[in-house]
Amino acid sequence: KFLKKVKGISSFMGINANPDLDAPLNEDTISLLKAGKVKEALLATAKALPNTSEFAAIKRNAKALAQKVGETKVIIVSQNPTNQVERLYREKLDDSDDGVVANGVYSFNSKIAELSNVILLDSKLGLNASTLLHEMTHATTHSFIETNPNSPYVKELRKLYAIARMYSENGDTAYGLADVHEFVSEAFGNAAFQEQLSNVPVKGL
């Protein structure tokens with residue numbers, strides 16, 4: 001019921017790792033991304049995921065995301081940048097407080113045109129379904145959440161996030177509990193996190 005509430009209003013690390021989602025994107029999907037065909041790449045990703053009940057919702061979400069791409073760009077970032085723009089992308093991916101290189105990043109509302117409404121995927125770590133779907137969910141939800149704080153959908157989403165944190169086990173490192181934006185992205189694209197949320201009671205909501 002909790003998961004249905006999350007889906008109705010709208011890590012790939014540690015305990016949330018999933019072998020199928022973390023498997024590399026196939027060459028055709030990568031070629032589509034390089035060609036700027038993000039919609040087609042998302043549809044190809046959905047098609048490549050297992051046809052099992054565990055992944056049914058994620059496949060649907062991937063197809064839905066494909067219809068919401070808009071102006072969002074996806075850039076595959078080289079480990080060895082050769083020009084100023086590539087170095088800019090590399091620095092954005094490497095810019096973390098804990099010193100860990102990000103698999104992917106969604107950059108938004110930047111004063112730098114190259115970093116506005118763009119998804120950056122690390123060429124070695126980020127070319128998998130989990131990272132692509134995670135960052136694409138950010139791209140389609142981040143602005144609405146931030147600019148519509150009084151929306152009933154956003155208010156309920158924040159309430160659900162607070163409940164999920166309250167019922168999480170001590171020491172739970174689920175990436176989806178980091179903040180409300182990660183909560184949304186993980187709830188829509190991480191089967192293990194979805195299973196975790198299915199055990200959270202929502203009586204009274």
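Which residues of helix H4 are buried?

## Helix H4 and its surroundings

In this predicted model, helix H4 covers residues 38–48, and its buried residues are Val38, Ala41, Leu42, Thr45 and Ala46. Looking down the axis of H4, you will find these buried residues within an arc of 140 degrees, so they line one face of the helix. Turn to the face pointing away from that buried side, and you meet the exposed residues Lys47 and Ala48.

What lies over the buried residues of H4? The cover includes three helices and a strand, namely H3 (27–34), H5 (53–66), H7 (129–147) and strand E1 (73–77).

## How H5 meets H7

Two of the elements covering H4, helices H5 and H7, also pack against each other, at an angle of about 50 degrees and with their axes 10 Å apart. Angles between 35 and 65 degrees fall outside the roughly parallel and roughly perpendicular ranges, and H5 and H7 are therefore oblique to each other. The crossing of H5 past H7 is left-handed.

On the H5 side, the contact is made by Ile58, Ala62 and Leu65, while H7 brings Leu133, Met136, Thr137 and Thr140. Sorted by class, the contact of H5 with H7 has five nonpolar residues, two polar ones and no charged ones.

## Arg90 in helix H6

Is Arg90 buried or exposed? This residue belongs to helix H6, which spans residues 84–94. Its relative accessibility is 8%, and buried means under 20%, so Arg90 counts as buried.

Setting aside neighbours within four places in sequence, Arg90 is in contact with Val77, Ser78, Gln79, Pro81, Val101 and Asp122.

Technical notes: Residues numbered from 1 in each chain as written. Predicted model: local features only at pLDDT ≥ 70, side-chain atom pairs only at ≥ 80, totals over all residues. Heavy atoms only, no water. Buried < 20%, exposed > 50% of the residue type's maximum accessible area, 1.4 Å probe, protein only. Helix = DSSP H or I, 4+ residues; strand = E, 2+ residues; numbered from the N terminus. Arc of directions from axis to C-beta. Contact = heavy atoms within 4.5 Å. Axes fitted to C-alpha atoms, helices over the stretch in contact; angles between N-to-C directions. Parallel < 35°, antiparallel > 145°, perpendicular 65-115°, else oblique. Left-handed = near helix turned anticlockwise from the far one by under 90°. Nonpolar A, V, L, I, M, F, W, Y, C, P; charged D, E, K, R; others polar.
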